[in-house]
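Dear colleague,

I am passing on the structure below, together with some notes on what turned up when I went through it. Please read them with the structure open beside you.

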Amino acid sequence: MAKLRVKAAVIGAGMSGLVAARELHREGHQVVVFERGNEVGGTWGYDPRVESDPLGLDPGREVVHTSMYRSLRVNLPRQTMGFSDYPLLEKGCGDPRTFPGHEEVLQFLRSFAEDSGLVELIRFGHKVVRVERAVEGRRDQWAVEWRTGGGEEAAGVDVFEAVVVCNGKYTQPKIAEFPGRSTWPGEQLHSHNYRVPEPYKDKIVLIIGRGVSATDIAKDILPFAREVHQASRETTPQVLEITKPAGVFQHPMIARAQEDGELVFQDGSSIHTDVIIHCTGYRFHFPFLKTKGLVSVVDNRVGPLYKHVFPPSLAPRLSFIGIPILAFPAQLSELQSKWVAKVLSGELVLPSEEEMMSSVQEHYQRIEELGWPKHYTHKLEIGKFEYQKWLVGQLGLPSLAEWIEKTALIALELFKLVQSS
């Protein structure tokens with residue numbers, strides 16, 4: 001049977017969007033990539049600008065897409081940051097260190113786009129404002145409405161037979177809520193709007209969160225600030241041992257913030273601080289996607305999605321790349337993109353809509369059995385790689401399975417090193 005060739009739109013030219021475009025193009029599909037910025041790379045492009053609302057709560061603010069801060073180095077070894085046939089191995093940057101900086105990752109993605117012939121497929125400066133079925137009841141007709149900025153603004157609508165959503169997951173901040181937060185008189189920002197440590201010279205800074213960005217920013221600010229404090233709901237000794245930077249004062253979560261500037265913690269202790277930085281993660285956000293409730297985001301669960309990719313009632317003509325968390329992003333995006341490309345061409349066949357919905361429900365049940373909250377729906381279990389191996393099995397790629405095993409071992413061996421350095 002001849003392969004199907006579809007006209008596909010890819011939303012975003014970051015890491016996920018680029019590899020999705022390559023795999024779709026390799027499979028023979030006609031591809032157009034919509035990128036709101038003026039270059040590839042998505043969140044890997046450092047931008048010194050910050051948003052007018054430092055907490056990211058104002059829906060009318062001008063959004064700065066990137067969350068990159070100046071000092072950021074990747075917390076994964078470079079062996080896990082490339083694609084199976086296009087590794088990130090210095091790429092002429094002359095930096096032999098295991099954990100590359102954001103500049104090197106951006107240069108890697110630029111080189112990947114150029115060497116893969118993707119640049120000519122990308123419409124730069126095109127912000128997608130609406131993705132919706134062009135004909136009610138048909139899965140293979142999608143209207144993509146776009147606008148351009150600058151001095152000569154334009155707008156238009158194009159119709160595609162498939163849409164692949166790759167708009168990233170590090171743009172819409174999620175903040176910590178506690179009594180008195182909105183009336184507390186000090187400065188507050190989300191890590192999305194953190195760039196450099198110099199503005200915090202001689203200030204007392206409290207960082208909320210225990211993740212990689214919280215630890216990173218605490219260490220970045222420490223040489224400049226008078227004091228750096230860290231608060232989190234996670235207080236187990238094992239977690240504190242791995243994630244507490246030397247010289248940073250540790251606290252449980254904030255119980256309340258007072259109008260005199262005092263912060264009171266859940267153990268009854270308190271401090272007076274100048275700045276609160278919310279390193280509390282992000283929310284999935286698809287403001288352009290209009291599906292009449294067939295796809296929704298509830299407590300950071302994007303659903304329903306079969307295997308984190310296909311909405312059963314709209315599959316295979318609508319798909320999402322890069323949704324899972326706690327995964328190697330390059331590997332994950334490549335595997336998902338290969339799967340989507342081959343499903344669209346007819347080389348691989350999805351289960352029925354009913355079977356896909358049943359699988360989604362089984363996954364939700366598994367989340368409950370693990371005791372995870374709903375917002376962990378797309379969290380993969382560390383070290384198991386069952387999802388990636390499932391994708392490899394669908395694709396029939398034994399060499400890729402071996403690649404995953406090798407890079408996983410490298411990453412797990414170096415995890416403690418990057419956390420304690």
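Leaving aside neighbours within four places in sequence, Ser-345 is in contact with Lys-3, Leu-4, Glu-27 and His-29. Please keep in mind throughout that this is a predicted model. Ser-345 has its place in helix α5, and because its relative accessibility is 1%, against a cut-off of under 20%, Ser-345 counts as buried.

Helix α5 also matters for the next point, the nonpolar cores. The largest of these has 76 residues, and the members that touch the most others are Leu-18, Trp-44, Ile-207, Ile-221, Ile-277, Phe-310 and Trp-339. Helix α5, which spans residues 329-345, gives the most to this core, with eight residues. Apart from it lies another core, made up of 23 residues that include Val-163, Val-165, Leu-314 and Ile-323. To return to Ile-221 of the largest core, its contacts, again without neighbours within four places in sequence, are Tyr-194, Pro-197, Tyr-200, Val-205, Val-228 and Ile-277.

The last item is helix α7. Which residues of helix α7 are buried? In this helix, which covers residues 386-395, they are Tyr-387, Gln-388, Leu-391, Val-392 and Leu-395. These residues cover an arc of only 140° around the axis, and they therefore lie on the same side of α7. On the other side of α7, Glu-386 and Gly-393 are exposed, while Gly-396, just after the helix, takes a positive phi of about 65°.

With best wishes

Notes
Residues numbered from 1 in each chain as written. Predicted model: local features only at pLDDT ≥ 70, side-chain atom pairs only at ≥ 80, totals over all residues. Heavy atoms only, no water. Core = buried A, V, L, I, M, F, W, Y, C linked by side-chain atoms within 4.5 Å. Buried < 20%, exposed > 50% of the residue type's maximum accessible area, 1.4 Å probe, protein only. Helix = DSSP H or I, 4+ residues; strand = E, 2+ residues; numbered from the N terminus. Contact = heavy atoms within 4.5 Å. Arc of directions from axis to C-beta.
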